[in-house]
Structure formats: structure tokens, C-alpha cells
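Dear colleague,

Please find below the structure that I am handing over to you. A summary of what was found in it follows.

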Amino acid sequence: MKKYFKITNIDCPVCAAKIEDALKKIAGVNNCTLSFLSERMVMDIAKEDAELIKKITKVCHKIEPDCQIIER
């Protein structure tokens, strides 16, 4: 299942790459693509789960505390 997010307030492309790599390691996430320039994140997840979305948000905030994730 593909999920689309707008992700803002990321400082640099390196931080975006770190977030993308960290999210790919979460159980239940099949793939993740994050574009720093377009502020867009596309995730392929096994199933929609509120706990999984919380984990995704937590990982993003650990790397980039000021980022905002908005589900589309």
C-alpha cells in the first residue's frame, strides 16, 4: 500500500537521506522515497497501522526535530 506525505522543515539533503534510510529499516515499511526539493515522501507499507505511522513520525523527529509530516 502506498502512502503519500508532505514533509517540511528538513535542513538539508543529507538529513533527508538519513531519514529515508532510517525509515526503510522499520518493520512494515517495504520502501521509502523522500525528495528534499519537492518536500514529498512516498512510502510503500505492508498495511495501514496507526502504530506504524507513529514510529515513522518518531524516527523523522529523532533525526530532524523540527520536521512536519502531513499525510496526503
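**Helices and sheet**

Helix α1, made up of residues 13–24, lies across β2 and β3 and runs at about 170° to β2. The second helix, α2 (residues 50–63), packs on the sheet as well, where it touches β1, β2, β3 and β4. The direction of α2 makes about 140° with that of β3. Please bear in mind throughout that this is a predicted model.

The sheet itself is open and has 4 strands in the order β2-β3-β1-β4, with antiparallel pairing. Strands β2 (29–35) and β4 (68–71) stand at the edges with a single partner strand each, so one side of each has no neighbour in the sheet. From one strand to the next, the twist averages 25°.

Within the sheet, β1 and strand β3 (residues 40–45) run antiparallel and are joined by 5 bridges. As one example from this region, Phe-5 has Met-41 of β3 as its bridge partner.

**The two helices together**

Helices α1 and α2 pack at an angle of about 145°, and their axes are 10 Å apart. Their crossing is right-handed. On the α1 side, the contact is made by Cys-15, Lys-18, Ile-19, Ala-22 and Leu-23; on the α2 side, Ile-56, Val-59, Cys-60 and Ile-63 take part. By type, the residues of this contact divide into 8 nonpolar, no polar and 1 charged.

**Two individual residues**

Tyr-4 is placed in strand β1, which spans residues 2–8. Its relative accessibility is 35%, and Tyr-4 therefore counts as partly exposed. Leaving aside neighbours within four places in sequence, Tyr-4 is in contact with Arg-40, Met-41 and Val-42, and also with Ile-70, Glu-71 and Arg-72. The C-alpha atoms of Tyr-4 and Asp-44 are separated by 9.0 Å, although these residues are 40 residues apart along the chain.

Glu-20 belongs to helix α1. Is this residue, Glu-20, buried or exposed? Its relative accessibility is 17%, and Glu-20 counts as buried because the cut-off for that class is under 20%. Apart from neighbours within four places in sequence, the contacts of Glu-20 are Cys-32, Thr-33 and Leu-34.

I hope that this serves as a useful introduction.

With kind regards

Methods
Residues numbered from 1 in each chain as written. Predicted model: local features only at pLDDT ≥ 70, side-chain atom pairs only at ≥ 80, totals over all residues. Heavy atoms only, no water. Buried < 20%, exposed > 50% of the residue type's maximum accessible area, 1.4 Å probe, protein only. Contact = heavy atoms within 4.5 Å. Pairing = 2+ DSSP bridges. Axes fitted to C-alpha atoms, helices over the stretch in contact; angles between N-to-C directions. Left-handed = near helix turned anticlockwise from the far one by under 90°. Nonpolar A, V, L, I, M, F, W, Y, C, P; charged D, E, K, R; others polar.
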